[in-house]
Amino acid sequence: VAGVLLDVELVPVFFDADLKIENATQGATNGFVPAQRILGYLQISPKGVIIDEEHFARLLNEMEGLGGPIDCMVKIHNGKQQMRITRAELKPSMDGAKRVFVGSPKGTPVLPKDGSWSVVQFDLASKEVTPLSNNDIIPLIKKGERVFADALTQVYSQNIDNPVNIAEPAELFKDLELRATQFAFLQSTGENKVLFRNPLFEKGKDLLKGSVPDLADAYRLMNSKGIFPKLENLPKLDQVGELANQFGMNIIDEGYKLINNTIADAEKKLVQELPEGPWYIVKTNDVKVYIDYKPSKPKPADNPPGAKAMLDFDIDSKAGEWVNKMNDVTMVVDLVSFERIMLIRGKFDTKKGQSPSFIGPELEFGPALQPVVDILVLLSMLATDASYGDILKQGLKIAMSNSPNNWEYKFQADKEIPVLKFPPPLLDNPAAPLRLEAGLKVGVYFNVAIPLPPTNGIPMPSAGAFVEFYGKLSVMCLSVGVGTIYAVGQVTVRISADTVIGPALYMKFGFGVEAMVGLPVIGNVSVYFAVGVEMSLDSTQITIGAFVLFKGRAEILGGIVTVTIQIEASGKVQQRLDGGPGGGQTNMIARVTFSLDISICFIINISFSESWEEQRQIA
């Protein structure tokens, strides 16, 4: 009777059955796969009133489907994509306003062993990509109502031409991009990853189709703590213009192969324009690190009109090869108020059988560092045969890695230009009227917990950048015979910014006198005495101190043997700021360092250093 509430009683039951599984290649007899202990529900009451569709749908949702275990292998839509089926179940769905029930086999797709393929899932609401748990299996579903023409002979008709989807039954009648939960195939090509969402398979076509694949290059992966970055503004493969629908992923016996669908350019590889950027890896008030995907050479002649940054992409599991190349990638660093203080240009390549590499990296400095660059260029021209560009290229070190446990990508690029001296050591003598030394260190890092002396180090993985300059100038004041007295000034300045400690500044200035004497057989002997001040400050501390430095150096047999002895004593007052460890306290720090270096024929090097430090809290 309409409007009358009835108490419904259902009891769970288990039954055995032979299930019709399409395109089963193993585990089936005459197209039927045996299944045991399938969970169902028997209605006890009310008698003669069958439970309605909505209540049945609620039951299936609460009990996570109706079904049981099976074991077979299938070829999806009778194509080359295989899948191991371990469960069959029934779940509810909606076709517009119409309630439908979807039967689906569930299992694990057979993915290529080459290229690190895996199955993941994407949540539309959070934009997050997460791995499946160890026991998760995924369903195969297809639109089309099954109509049994003869229940006795099991003759049936169906819509056999509709594509087979890897998706939840509740998502069957939604557009691909509107599905709340989307399954995907993920390929990890070294430091880059490609996401193939909403896989579907058409009848008679051995093609992996679905949503337009999403690309996450090594830089996009850096600010992602998960297996794949959030799907926000990521570049896509074959998405616009002349490339649209030109390329497809062909399913072959060994896996997948990227193919060109056009007959005229069948051998042409995928070369696609990348969005220019900027793409921020780090973006704080004190430090910004971002990527530009565009040609930005300093000379206009190096940039043809309309030149764009391009991606070369190829996958061929049969040949055991995959390639992912990105041209014209520039990492830019803004440090405190200095914009584009450092630029690292190059091409990033990943390839089967080879470690990912940053090809031809070039380091360039912005206008803020131009005076320092000019000094180094001058010294390199005067003191060495190598050009300044060669020195930069040889010394630039780039390292990228990721942890398989938490997918945390790390990046570090640093460059240390060895101290350049004028005049060169081989031409130096006690009669030189002027001596000049200079050196430079620069670096950028992400998720790397590295100490940055002379500060107190970084307490946790962080991101940031630094620039450090060293200079020393010696001017002749007095020359008597083989001896010369020099007035000496030296300085070390370091500016840095970090996501943990914020901006930081370190300065060390010293002024002194050096006496140098040239002796027959022995060579040059020098004694250097200096006093100076040292200061270090960041968001956690302020340290101010003074130091005394004594250094003696002797060259024997024309420099074959060199002995250097150095003693430095310093006293500092350190104020710990409230925001840092030990906030508010004031410490007195005394430190003495003794070092000895012996070099014999540039082959044998003996170095010894010993430090003593005493720290007392005074307030």
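Modeller: Buried means under 20% relative accessible area, exposed means over 50%, and partly exposed lies in between. The model discussed here is predicted.

Biologist: Is His77 buried or exposed?
Modeller: His77 sits in the loop between β4 and β5. Its relative accessibility is 9%. The cut-off is under 20%, so His77 counts as buried.

Biologist: What is phi of His77?
Modeller: His77 is a residue other than glycine. Even so, its phi is positive, near 55 degrees.

Biologist: What is the relative accessible area of Asn198, another residue with positive phi?
Modeller: Asn198 lies in the loop between β14 and β15. Phi is about 50 degrees there, although Asn198 is not a glycine. Asn198 is buried, and its relative accessible area is 0%.

Biologist: Which residues of helix α1 are buried?
Modeller: Helix α1 covers residues 53–62. On its other side, Arg58, Asn61 and Glu62 are exposed. The buried residues are Ala57, Leu59 and Leu60.

Biologist: Within what arc do the buried residues of α1 fall?
Modeller: The buried set is Ala57, Leu59 and Leu60. Looking down the axis of α1, these buried residues line one face of the helix, because they fall within an arc of 160 degrees.

Biologist: Which strands are included in what covers the buried residues of α1?
Modeller: The buried residues in question are Ala57, Leu59 and Leu60. Their cover includes β1, β3, β4, β5 and β6.

Biologist: Which residue caps the N-terminal end of α1?
Modeller: The contact runs from a side-chain oxygen to the backbone nitrogen of Glu54. The separation is 3.2 Å, and the capping residue is Asp52.

Biologist: What is omega for the cis peptide bond between Ser45 and Pro46?
Modeller: Pro46 belongs to the loop between β3 and α1. The bond joining Ser45 to Pro46 is cis, with omega about -5 degrees.

Biologist: Which side chain makes a polar contact of 2.4 Å with that of Asp214?
Modeller: Asp214 is in strand β17 and is buried, with a relative accessible area of 2%. Beyond four places in sequence, Asp214 touches residues including Arg197, Phe228 and Lys236. The polar contact of 2.4 Å is with the side chain of Lys236.

Biologist: What distance joins the side chains of Gln541 and Thr543?
Modeller: Gln541 is in strand β34. It counts as buried, at 1% relative accessibility. Its side chain makes one polar contact with that of Ser536 at 3.2 Å. The polar contact with Thr543 is 2.5 Å.

Biologist: What separates the C-alpha atoms of Gly510 and Ala530?
Modeller: Gly510 is in strand β32, and at 1% relative accessibility it counts as buried. Its contacts beyond four places in sequence include Val531 and Gly532. Gly510 and Ala530 are 20 residues apart along the chain, yet their C-alpha atoms are separated by 6.1 Å.

Biologist: Which strand gives the most to the nonpolar surface patch?
Modeller: The patch is about 910 Å², with Val527, Phe529 and Trp612 among its residues. β33, β34, β35, β36 and β37 each supply at least two residues. With three residues, the one giving the most is β33.

Biologist: What is the relative accessible area of Phe529?
Modeller: Phe529 is in strand β33 and belongs to the nonpolar patch. Residues of a patch have over 30% relative accessible area. Phe529 is partly exposed, at 44%.

Methods
Residues numbered from 1 in each chain as written. Predicted model: local features only at pLDDT ≥ 70, side-chain atom pairs only at ≥ 80, totals over all residues. Heavy atoms only, no water. Patch = residues over 30% accessible without salt bridge, like charges linked within 9 Å, V, L, I, M, F, W, Y side chains within 5 Å. Areas by Shrake-Rupley, 256 points an atom, 1.4 Å probe, with all protein chains shown as cover. Salt bridge = Lys/Arg side-chain N within 4 Å of Asp/Glu carboxyl O. Helix = DSSP H or I, 4+ residues; strand = E, 2+ residues; numbered from the N terminus. Buried < 20%, exposed > 50% of the residue type's maximum accessible area, 1.4 Å probe, protein only. Arc of directions from axis to C-beta. Contact = heavy atoms within 4.5 Å. Polar contact = N/O pair within 3.5 Å; in protein donor to acceptor, adjacent residues only side chain to side chain.
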